[in-house]
Amino acid sequence: MAKKIVVITGSPRAKGNSNTIAAAFMSGAIAAGNEVEVFDTTKARLGGFGGTGSKEDQDRLDSLMKWADVMVLASPLYWKGFSAQIKLAIDSFAKFLSIEGKEQLSVKEAALIATGKSPDGFSFYPMVEEYKHIVEMLGLENKFTLLCPCLNGVGDVEKRPILLETAVKYGMEI
Ligand SMILES: Cc1cc2nc3c(=O)[nH]c(=O)nc-3n(C[C@H](O)[C@H](O)[C@H](O)COP(=O)(O)O)c2cc1C
């Protein structure tokens, strides 16, 4: 069954590793007949929870969360966590925690794409713990976590085609 997917990106590097992997995921998802929208948190001016930001940007994110079946968070690993930009989007999801909020949220499934410089998977644990908490609190089902170590410079992921192939496959199977 075709799904509506919102991909929320968190890297300020347009051609960075997480955006490239997210694009591979999207190509697979679109090829399989799904509808995909992107929300780039690094271009938006979000205020997080209760802060000041662009109402237009926050409204667009909210309406995507009330439209999509699946939310994909694609972030670089910064200080073992999400980037500050994508964190502002995540904090704004607090509005979906109440009973009334949950009724408005159409997203039912989630996935995580994360890229980091560190060669070991353990560095991703704090981010994964936070992701698991978000999934649990919003009442979502985790579809996949694609953790990609050993990536630092722009273009590093091109040297690891298995990561892009996996992302395409996850997109086709979402
Ligand atoms: C502010 C900052 C903090 C970072 N912290 C970590 C970290 O804790 N662990 C790690 O493995 N890589 C860390 N990195 C490296 C990035 O995760 C890595 O370069 C990643 O590939 C960037 O993703 P992008 O290419 O999508 O921008 C950090 C980079 C920056 C700029």
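Let me start with helix α3, residues 84–92, in this predicted model. Its buried residues are Q85, I86, L88, A89, I90 and S92. What do they pack against? The buried residues of α3 pack against two strands, β1 at 4–9 and β3 at 70–76, and against two helices, α2 at 55–65 and α5 at 125–137.

Now the whole chain, so you can place that helix. The protein has six helices and five strands. Going along the sequence, the order is β-α-β-α-β-α-α-β-α-β-α. Of the 174 residues, 38% are buried. The C-alpha trace spans about 45 × 35 × 25 Å along its principal axes. The radius of gyration is 15 Å, and because a compact globule with 174 residues would come near 16 Å, the value agrees with that description. As for contacts, take those between residues at least 6 apart in sequence: 81% of them join residues at least 24 apart.

Next, the loop between β3 and α3, just ahead of the helix I began with. W79 is found in that loop, and so is K80. Each of these two has a positive phi without being a glycine: near 50 degrees for W79, and near 70 degrees for K80. Are they exposed or buried? W79 counts as exposed because it has 9 C-beta neighbours inside 10 Å, and the limit for exposed is 12 or fewer. K80 has 16 such neighbours inside 10 Å, so K80 counts as partly exposed.

On to the ligand. How many residues surround the ligand? There are 18, and the closest are G16, S18, P76, G116 and S118. By type, the shell divides into 10 polar residues, five nonpolar and three charged. Which helix gives the most to this shell? That is α1, residues 17–31, with three residues.

Helix α1 also packs against another helix, so let me stay with α1. Two packed helices are described by the angle between their axes and the distance between the axes. For α1 and α6, the latter being residues 161–173, the axes come within 6 Å and cross at roughly 35 degrees. The crossing of α1 past α6 is right-handed. On the α1 side, the residues that meet α6 are I21, A24, F25, M26, S27, G28, A29 and A31. On the α6 side, they are L163, L164, A167, V168, K169, Y170, G171 and M172. Sorted by type, the residues of this contact come to 12 nonpolar, three polar and one charged.

One last residue, A32. Where is A32 found? It sits in the loop between α1 and β2, the strand at 35–40. Leaving aside neighbours within four places in sequence, A32 is in contact with G171 and M172. Those two residues are also on the α6 list I just read out. A32 and M172 are 140 residues apart in sequence, yet their C-alpha atoms are 5.2 Å apart in space. Why is A32 classed as partly exposed? Because it has 14 other C-beta atoms within 10 Å, and partly exposed is the class between 12 or fewer, which is exposed, and 20 or more, which is buried.

To go back over the main places: α3 with its buried residues, the ligand shell of 18 residues, and the right-handed crossing of α1 and α6. That is the end of my part.

How values were computed: Residues numbered from 1 in each chain as written. Predicted model: local features only at pLDDT ≥ 70, side-chain atom pairs only at ≥ 80, totals over all residues. Helix = DSSP H or I, 4+ residues; strand = E, 2+ residues; numbered from the N terminus. Contact = placed C-beta atoms within 7 Å. Near = placed C-beta within 6 Å. Nonpolar A, V, L, I, M, F, W, Y, C, P; charged D, E, K, R; others polar. Axes fitted to C-alpha atoms, helices over the stretch in contact; angles between N-to-C directions. Left-handed = near helix turned anticlockwise from the far one by under 90°. Rg over C-alpha atoms; globule rule 2.2 N^0.38 Å.
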